[in-house]
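Reader: I would like a close look at a single part of this model rather than a tour of everything. Please go through it in order, and give the cut-off behind each term where you use it.

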Amino acid sequence: MKSLGSIRRDFAPWSDPQAKPYIRFENVTKRFGDFTAVNNLSLSIFEREFFALLGASGCGKSTLLRMLAGFEEPTSGKILLDGQDLRGIPPYRRPVNMMFQSYALFPHMSVEKNIAFGLKQEGMPKTDIDRRVAEMLKLVKLERFASRKPHQLSGGQRQRVALARSVAKRPKVLLLDEPLGALDKKLREETQFELMDLQQELGLTFVVVTHDQEEAMTMADRIAIMDKGEVMQVATPAEIYEAPNSRFVAGFVGNVNLFEGSVAERTENTARITGGSGAQILVENAGEAAIGNDVAFAIRPEKIRISSRKPQDAVNALEGEVYDIAYLGDMTVYYVKLDDGQIVRASMLNAARIVDDPLTWSDRAWISFRPDAGVVLTR
Amino acid sequence: MNATWSRFNIVSIVLGFAFLYLPIVLLVVFSFNASRLVTVWGGFSTQWYAALFRNQGLMDAAWVTIRVALVSASAATVLGTMAALVLTRYTRFRGRVLFTGMVFAPLVMPEVITGLSLLLLFVAVGLDRGFLTVTLAHITFSMCFVAVVVQSRLISFDRSLEEAAMDLGAPPVKTFFQITLPVIAPAIISGWMLAFTLSLDDLVIASFASGPGATTLPMKIYSQVRLGVTPEINAACTILIGIVSLGVIAAAIVNKRREVQRRRDEQAAMRLD
């Protein structure tokens, strides 16, 4: 079976037309004075999904999360949770909990008391609270720190307390605002997998806001790419990367080369694109691009081959000069300046330690790629 | 920093401290004077302290002062905290700038004017001058000091703490009492102490607002001094200075200890990471 990307996903309620969305944003708009933070946005999130809102700061992703938590009300449109309209329901009566970016641990309470806070508000009997708190401490491996105050904990431990506190009430949905933003790189990578395991274990729906694409790609079932209050694309990480729907998404996630041009010939699946300088490329996945349309062919650096002589069998081959090289250890990135002036980024995995006849700066070089190695973008 | 004790440094520090503390030292020394004459040293004695505690007028005044200070500081703390909350939280209402200015104006208002206007008000509404009017007057001028202290804490207060509490199911009022109040408590306590001290040593406003039977200690001391300084007054002042110094020193020690402990905890936590 062929599919985009290198993993198979069995959990895919979004592609099942029968599945009912668990969270539904319907034409939601939020304005702060003259500023439109979220603009007529519709979005569905399914039960048990790990959903990521990815975007630059100010794109409206946090506002979306805060509307779900109840800290902001939409200016228009509605938000449904499990079929229930959330309008007018204050944050303290919503079956969602949030993990804050600053963790927002109560500084005057011990770890235990912090975790028990939400349970106490529910009026849970004391013995049950104690049991649940112990369970949560075990879950985040902080049993030894139960009586510490937040300022007596390290950053990673605080993050875990915040997490334990937000899942202690077993909310239907857990909202995470930049959950790993304050951790250093190594801790962040470990914690990503811990979060994924936790989500599996508790069977909760997670909605996470992040500006870190690697984090979103690793953890999420689906990602919504946001820009200026609008959703640009909602798809699995592999689709976002391999089949972006616009120049913005292609450029936002990972690195991309865009060949701008217009469609000169068109068959059912393929298109011949002529660039500004007359260079021609033949591509598949042409989608809706019609003859005469201005389009961009987007191709990722690792899907471009670089060689010192013109490849015999290549459909698409363009000549240029090696402009710059970055050796990163696991791979080498070549910047090739094509004869029409465009700089193309091509990366090669360093699968072998010893290389015959390597390229160097200012060498003439050919880049080549298969017709199906990229996508044609009309937007 | 390279601190060298140059002659200039020594002279400036001696002069500075002499300027600040010489009068107070003199007052303390002469409270232990055996002679009745304030400026002539007649040997060491504690007789004026004994006399002070036998002086019913001064003791009554001291009691009135403490009661006024306790009540007015507490009321000013409540009102000042409320004003600070409004000023930091509801930043978008009309006339906020005006309101801010009005809350802080008494800080720079000459006390004579505050006192006089309060007097006029009390007369106009027919309030008999006494304990109640002094207390009200003190609440009026000390609440803005509390508001300043509490507001400066609230500005750095992380609002997400309150959001987290609400998110976990606590309604706004509960959130305020269980989260906001405990977190800003140190600032509220400082505000209360400031209001208490302000009330304790106020003379001008009390003179306007007070009536028979509600003479405060500063008023009493001032009126007695006009008849001539007695070593008794020196003794009373020495006790006041002692109380205030003890309070300040104790607060400083507690703060320092807490900070040291906090730093140690934080370092311990870093090592655990």
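Author: Helices (H or I, at least four residues) and strands (E, at least two) are DSSP runs, numbered from the N terminus, and on that basis chain A has 8 helices and 20 strands. Residues are numbered from 1 along each chain as its sequence is written, while chains are lettered from A and ligands numbered from 1 in the order in which they are written. This is a predicted model, in which local features need pLDDT of at least 70, side-chain atom pairs count only at pLDDT 80 or more, and totals for chains, interfaces and linings use all residues, and side-chain values use heavy atoms, with hydrogens and water left out.

I will keep mainly to chain A. Its C-alpha trace spans about 75 × 50 × 45 Å along the principal axes. Of its 379 residues, 48% are buried, where buried means under 20% relative accessible area, exposed over 50%, and partly exposed in between (1.4 Å probe, protein chains only). If contact is taken as heavy atoms within 4.5 Å, then among the contacts of chain A between residues at least 6 apart in sequence, 66% join residues at least 24 apart.

The sheet is a convenient place to start. Two strands pair if DSSP finds at least two bridges between them, and in chain A 6 strands make an open sheet of mixed pairing, in the order β6-β7-β8-β3-β9-β10. Its edge strands, each paired on one side only, are β6 (96-99) and β10 (230-235). From one strand to the next the twist averages 20 degrees, with axes being lines fitted to C-alpha atoms, for helices over the stretch in contact, and angles running from 0 to 180 degrees between N-to-C directions. At one edge, β6(A) pairs in the parallel sense with β7 (residues 173-177) of chain A over 4 bridges, and Met99(A) has Leu176(A) in β7(A) as its bridge partner.

Two loops that adjoin strands of this sheet hold residues with a positive phi. Most residues other than glycine have a negative phi, and most peptide bonds are trans. Arg48(A), in the loop between β2 (35-45) and β3 (50-54) of chain A, has a phi near 65 degrees and is partly exposed, with a relative accessible area of 48%. Lys228(A), in the loop between β9 (222-227) and β10 of chain A, has a phi of about 50 degrees, and this lysine counts as exposed because its relative accessibility is 65%.

The second largest pocket has a volume of about 540 Å³. On a 1 Å grid over the protein atoms alone, a pocket is an open set of points with protein on both sides within 12 Å along at least five of seven lines, whereas a cavity is a set where a 1.4 Å probe fits but cannot get out, and lining residues have an atom within 4 Å of a point; grid points are joined across faces, edges and corners, and the volume is the space filled by probe spheres set on them. There are 14 lining residues, and those nearest the centre are Ser6(A), Met217(A), Pro237(A), Ala238(A) and Tyr241(A). Both α6 (213-219) and α7 (237-242) of chain A supply at least two of the lining residues, and α7(A) gives the most, with 4. The lining comprises 6 nonpolar, 5 polar and 3 charged residues, counting Ala, Val, Leu, Ile, Met, Phe, Trp, Tyr, Cys and Pro as nonpolar, Asp, Glu, Lys and Arg as charged, and the others, Gly among them, as polar.

Farther along the chain, strand β19 (residues 364-369) of chain A is mostly covered, with 5 of its 6 residues buried. β19(A) pairs in the antiparallel sense with β15 (residues 305-307) of chain A over 3 bridges, where Ile306(A) has Ile367(A) as its bridge partner. The pairing of β19(A) with β16 (residues 316-327) of chain A is also antiparallel, over 6 bridges, and there Glu321(A) stands opposite Arg364(A).

Finally, chain A helps to cover a helix of chain B. In α7 (residues 159-167) of chain B, 8 of the 9 residues are buried, among them Leu161(B), Glu162(B), Glu163(B) and Asp167(B). Their cover includes α1 (61-69), β6, α2 (111-122) and α4 (155-167) of chain A together with α3 and α8 (172-200) of chain B. After α7(B) comes Gly169(B), with a positive phi near 110 degrees.
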